[in-house]
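Biologist: I'd like to go through the pockets and surface of this one with you. Can you pull up the model first?

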Amino acid sequence: MREVLAQAAFQLFLERGFERTTVDDIVARAGVGRRSFFRYFPSKEDVVFPDHERCLAEMTEFLAAVDDGDPVGAVCDAARIVLRMYAADPEFSVQRYRLTREVPGLRTYELSVVRRYEQTLAGHLRGRFGADGDGELRAEVIAASVVAAHNNGLRLWLRSGGAGDPEAAVDHALDLVRDVWERPAAPSPALEQQAEKQAEKQAEKPVPAGGITTRSGDNEVIVMVAAKGTPMWRVVQQIEAAVGES
């Protein structure tokens with residue numbers, strides 16, 4: 001019934017336009033009542049995306065069962081579930097893409113659907129990286145990167161009218177994401193500069209003389225203790241002060 005309603009709706013959208021098509025028009029074309037329509041779709045916008053709920057559930061199930069060893073690879077594979085859903089019916093996918101480009105309200109709705117996919121990926125990554133500090137940030141950024149890469153390749157295929165292999169462009173884009181996020185994170189230049197400044201400040205702090213004087217007969221020995229990284233001029237200054245005091 002979902003497929004029958006979706007097909008009837010798209011026939012009308014192509015004939016009359018989205019705005020001029022009503023729910024009554026859709027159910028009349030499908031040969032069912034209004035109650036049947038709202039049993040499957042909360043609104044007219046939902047009938048444009050009849051397969052996303054099932055796809056989101058499949059993605060969630062996949063991530064729940066995936067191995068923890070490669071979290072970035074796992075979310076990339078999860079994104080490919082969405083790609084296969086589009087590729088399963090190229091004609092319908094291209095029609096939907098063109099329709100969403102023409103109707104601003106559908107574009108807004110589509111963005112909310114994409115956001116749900118992104119949140120699902122980010123939730124999985126937070127479970128692997130932790131929800132505190134950089135773990136949450138890393139999860140959000142990687143999830144956004146995966147969605148952006150997937151959508152870039154998918155839209156190239158949709159703009160071509162569904163010609164060729166959609167997986168090639170998406171795989172290439174997702175490989176770039178893995179190249180960036182699976183290698184060890186290097187400290188950023190800003191963090192390195194901050195560390196250098198902290199080391200300089202630490203070195204400039206006055207260090208207690210730490211002089212230890214020992215006597216053996218007529219000989220007097222002074223031992224100086226200084227923190228690692230103390231500038232040489234300050235060490236000499238402390239030695240001079242200790243010798244003067246003795």
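Biologist: Which helix gives the most to the lining of the largest pocket?

Modeller: Keep in mind that this is a predicted model. The lining includes Arg2, Glu3, Ala6 and Gln7. Four residues of the lining come from one helix, which spans residues 2–16, and that top contributor is α1.

Biologist: How many of the residues lining the largest pocket are charged?

Modeller: Arg2, Glu3, Asp51, Arg54 and Asp89 are among the lining residues, and Asp, Glu, Lys and Arg count as charged. The split also has five nonpolar residues and one polar. That leaves the charged class, with five.

Biologist: And what volume does the largest pocket have?

Modeller: Its lining also takes in Pro50, Met85, Ala88 and Phe92, among others. As for the volume, the pocket comes to about 300 Å³.

Biologist: Is arginine 2 buried, exposed or partly exposed?

Modeller: Arginine 2 sits in helix α1 and is one of the residues lining the largest pocket. Buried would need under 20% relative accessible area and exposed over 50%. Arginine 2 has 32%, so the label is partly exposed.

Biologist: How far apart are the C-alpha atoms of arginine 2 and arginine 39?

Modeller: Along the chain, these two arginines are 37 residues apart. In space, their C-alpha atoms are separated by 9.4 Å.

Biologist: Which residues make the nonpolar surface patch of about 240 Å²?

Modeller: One member, tyrosine 40, belongs to helix α3, residues 34–40. Tyrosine 40 has 30% relative accessibility, so it counts as partly exposed. The full patch is Met1, Val4 and Tyr40.

Biologist: Now the inside. Which helix gives the most to the lining of the largest cavity?

Modeller: Helices α4 (52–65), α5 (71–87), α7 (104–129) and α8 (134–159) each supply at least two lining residues. Val82, Val114, His150, Asn151 and Leu154 are the ones that lie nearest the cavity's centre. With six residues, the biggest share comes from α8.

Biologist: How many nonpolar residues does the lining of the largest cavity have?

Modeller: In total, 17 residues line that cavity, which holds about 200 Å³ of space. Three lining residues are polar and two are charged, and the nonpolar count is 12.

Biologist: Last one: how many helices and strands are there in the protein?

Modeller: The chain has 246 residues, and 36% of them are buried. From the N terminus, the order of elements is α-α-α-α-α-α-α-α-α-α-β-β-α. The tally is 11 helices and two strands.

Technical notes: Residues numbered from 1 in each chain as written. Predicted model: local features only at pLDDT ≥ 70, side-chain atom pairs only at ≥ 80, totals over all residues. Heavy atoms only, no water. Patch = residues over 30% accessible without salt bridge, like charges linked within 9 Å, V, L, I, M, F, W, Y side chains within 5 Å. Areas by Shrake-Rupley, 256 points an atom, 1.4 Å probe, with all protein chains shown as cover. Salt bridge = Lys/Arg side-chain N within 4 Å of Asp/Glu carboxyl O. Buried < 20%, exposed > 50% of the residue type's maximum accessible area, 1.4 Å probe, protein only. 1 Å grid on protein atoms, 1.4 Å probe; cavity = no way out; pocket = protein on both sides within 12 Å on 5 of 7 lines; lining within 4 Å. Points joined across faces, edges and corners; volume = space filled by probe spheres on them.
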